[in-house]
Amino acid sequence: MSEESFDAIIVGAGLAGCIAAYVLAKEGADVLVIERGNYAGSKNMTGGRLYSHSLERIIPGFAKEAPIERKVTKEKVTFLTDDTGVTLDYHNGRKQTAVEESYTLLRGEFDQWLMDKAEEVGAQFISGIRVDEVLTRDGKVIGVKADGDELAAKSVILAEGVNPVLGEQLGMVQRLKADAMAVGAKELIELPQQIIQDRFNLNDNEGCAWLFAGSPANGLMGGGFIYTNKSSVSLGIVCGLHDIGNSSKTVPQMLEDFKNHAMIQPLIEGGKLIEYSGHVVPEAGINMVPKLVDDGVLIAGDAAGFCLNIGYTVRGMDLAIASGEAAAKAILMAREKNDFSAQGLSSYQTLLEDSFIMKDLKLYKDLPEFMENPRIFNQYPKMVADIMQNMFTVDGSPSQPIRKTLMKHCKEVGYMNLIKDGIKGVTSI
Amino acid sequence: MSKAVNVDVKLSANKFHVDEGHAHIILKNNPDIKEFRKLINACPAGLYKLEDDGSIRFDSAGCLECGTCKFLCGETILEKWEYPRGTFGIEYRYG
């Protein structure tokens, strides 16, 4: 093993890793980021939308220089069945502060920019090297082994993403069960800028974030999404893995059918597929957060299960950024006392507990279980569509009072189910 | 009705650095078909295939490295699951 010992070696140049490197290097710590892809972001993908608050606090005004795509000003949520769509459409024309804004982005470019920022303040970065092993001595992490080389470090941050191979190796992360996971598949579809703006009713730099519940995931937990970029559209589905063995459709088929839905197809007509990507989404919230700190090691970002799916919005990147910052701060504190033991690094846990990450994860702790309810993805979208159809269909037969129409469709789902789900739903958000 | 998807066409839009001779995912011999079916359904790259004659086929080239198969069947029908070696595998130009 080499003589030099870094204050921190960070595995993975995603958002958590890049930010941890930035915060550490800025304070003069000796830090190395190791990424198995050929550049930061080359293995990463997002839906993707970034809520800017956590990054804004670390790099104020980042959106002016970072390669972002569009500022989200339109939010849409659609209940989709095979042949209908009922949409809630919100345009936000109000002035937002920088921390309230959110942006669509693509990670290939964005992560490289963030890594550059970290390198500017002194972080070292090597790409194209896979970390094979975390080295320990007497139960304490002392470095990593990558491509046959052993590199010494006083601390290691595992920011290795949703599939934490090294975290599992150390026994900190239990192999997640499939029912805690979902899989996402996305197409990036290129379209001229003006066509995107016309079809989605957007001004110059405005963007649209659009989520779909119901048929996209073939009745399983999940849904579809569309995010508008500058000159492309990110279109995808997310599907829970819990019951995937019994699905009548494959995940790629779900995406294809969603894309060809009569409501979606005209939006992307004439577009060209320029990339196809897949990713696992941690869905279990606080229930899947692993052991976050041990002697000489911290876990951040997706690897720590920091993801929030609240149904009408999905968050992971803002949590990754804040957890990377917290990990860096904990290491800086440990460095002052020269104590990189679990005890010396324990401020990571405290910083997380005091931040929105743990507070939000705790707030929504019952939501993952609620979301497993198949009625949300099957019966409710159909119920809403049926009500709409009755309301908007005029065929000369005598009209029924709307109240009666509503009651009829509610009865199909069952009043008790509605009440039960209503109470459960309201108490879990 | 729904058009059958051709995932290979989609994958061909991607940039891959294939590590010839080093498969990073290896399937056990004679895998349990029920488990295999989960992967047919779940793999976003459609790499787990059932042929018309009932035989199964799997090739790790074209893998998006999402880990879905590891989470679903890591203990049951996968002999090995690891990330490709450094520099190899999928390279997202956009992400």
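**Contacts, salt bridges and surface of a predicted two-chain model**

A:Asp386 touches A:His409 and A:Glu412, leaving aside residues up to four places away in sequence. The model described here is a predicted one, and this small cluster makes a convenient way into it. A:Asp386 is found in helix 14 of chain A, which runs over residues 379–392. With a relative accessible area of 16%, A:Asp386 is buried, since the limit for that label is under 20%.

The stretch around this residue also carries a record. In UniProt, an unreviewed entry gives residues 367–428 of chain A the annotation "domain: FixC-like C-terminal". This span is 77% helix and 0% strand, and its end C-alpha atoms lie 5 Å apart. A second annotation in UniProt, "domain: ETF-QO/FixC ubiquinone-binding", again from an unreviewed entry, is listed for residues 205–279 of chain A. Over residues 205–279 the chain is 17% helix and 44% strand, with 27 Å between the end C-alpha atoms.

Stepping back to the whole of chain A, the model shows 16 helices and 21 strands. The radius of gyration of chain A is 23 Å, close to the 22 Å that the globule rule gives for 429 residues, so chain A is as compact as a globular protein of that length. Taken along the principal axes, the C-alpha atoms of chain A fill a box of roughly 85 × 45 × 40 Å. Of its 429 residues, 60% count as buried. Sequence-distant pairs are well represented in chain A: among contacts between residues at least 6 apart in sequence, 73% join residues at least 24 apart. Chain A exposes about 17,800 Å², and carbon and sulfur atoms supply 51% of that area.

Part of the surface is a nonpolar patch of about 530 Å², made by A:Met407, A:Tyr415, A:Met416, A:Ile419 and A:Ile423. Helix 16 of chain A (residues 415–427) gives the largest share of the patch, 4 residues. One of the patch residues in helix 16 is A:Ile419. A:Ile419 has a relative accessible area of 48% and is therefore partly exposed.

Charged pairs come next. Over all chains, the count comes to 35 salt bridges. One of them joins A:Arg175 to B:Glu75, with the closest N and O atoms 3.3 Å apart. This pair crosses between chains: A:Arg175 sits in the loop between helix 5 (165–169) and strand 13 (181–190) of chain A, while B:Glu75 sits in the loop between helix 3 (68–73) and strand 5 (78–81) of chain B. A:Arg175 counts as partly exposed at 32% relative accessibility, whereas B:Glu75 counts as exposed at 58%. Both chains also contribute to a network of salt bridges that links A:Arg130, A:Asp132, B:Lys80 and B:Glu82.

Within chain A, the side chains of A:Glu187 and A:Lys259 meet in a salt bridge, 3.2 Å from N to O. A:Glu187 lies in strand 13 and A:Lys259 in helix 7 (residues 251–259), so the pair ties together parts of chain A that are 72 residues apart in sequence. Both A:Glu187 and A:Lys259 are buried. Another salt bridge in chain A is formed by A:Glu353 and A:Lys362, whose closest N and O atoms are 2.7 Å apart. A:Glu353 counts as partly exposed at 28% relative accessibility, and A:Lys362 is partly exposed with a relative accessible area of 43%.

Finally, a few points of backbone geometry deserve a look. Most residues other than glycine have a negative phi, and most peptide bonds are trans. A cis peptide bond nevertheless joins A:Gly47 and A:Gly48, with omega at about 15 degrees. A:Gly48 lies in the loop between strand 3 (31–35) and strand 4 (49–51) of chain A. A:Asn201, a residue other than glycine, has a positive phi near 60 degrees. The loop that holds A:Asn201 runs between helix 6 (193–199) and strand 14 (206–214) of chain A, and A:Asn201 is exposed, with a relative accessible area of 55%. In chain B, B:Glu65 has a positive phi of about 60 degrees although it is not a glycine. B:Glu65 is placed in the loop between strand 4 (56–58) and helix 3 of chain B. B:Glu65 is buried, at a relative accessible area of 7%.

Notes: Residues numbered from 1 in each chain as written. Chains lettered and ligands numbered in written order. Predicted model: local features only at pLDDT ≥ 70, side-chain atom pairs only at ≥ 80, totals over all residues. Heavy atoms only, no water. Patch = residues over 30% accessible without salt bridge, like charges linked within 9 Å, V, L, I, M, F, W, Y side chains within 5 Å. Areas by Shrake-Rupley, 256 points an atom, 1.4 Å probe, with all protein chains shown as cover. Salt bridge = Lys/Arg side-chain N within 4 Å of Asp/Glu carboxyl O. Helix = DSSP H or I, 4+ residues; strand = E, 2+ residues; numbered from the N terminus. Buried < 20%, exposed > 50% of the residue type's maximum accessible area, 1.4 Å probe, protein only. Rg over C-alpha atoms; globule rule 2.2 N^0.38 Å. Contact = heavy atoms within 4.5 Å. UniProt positions renumbered as here; feature names shortened; annotations may be inferred.
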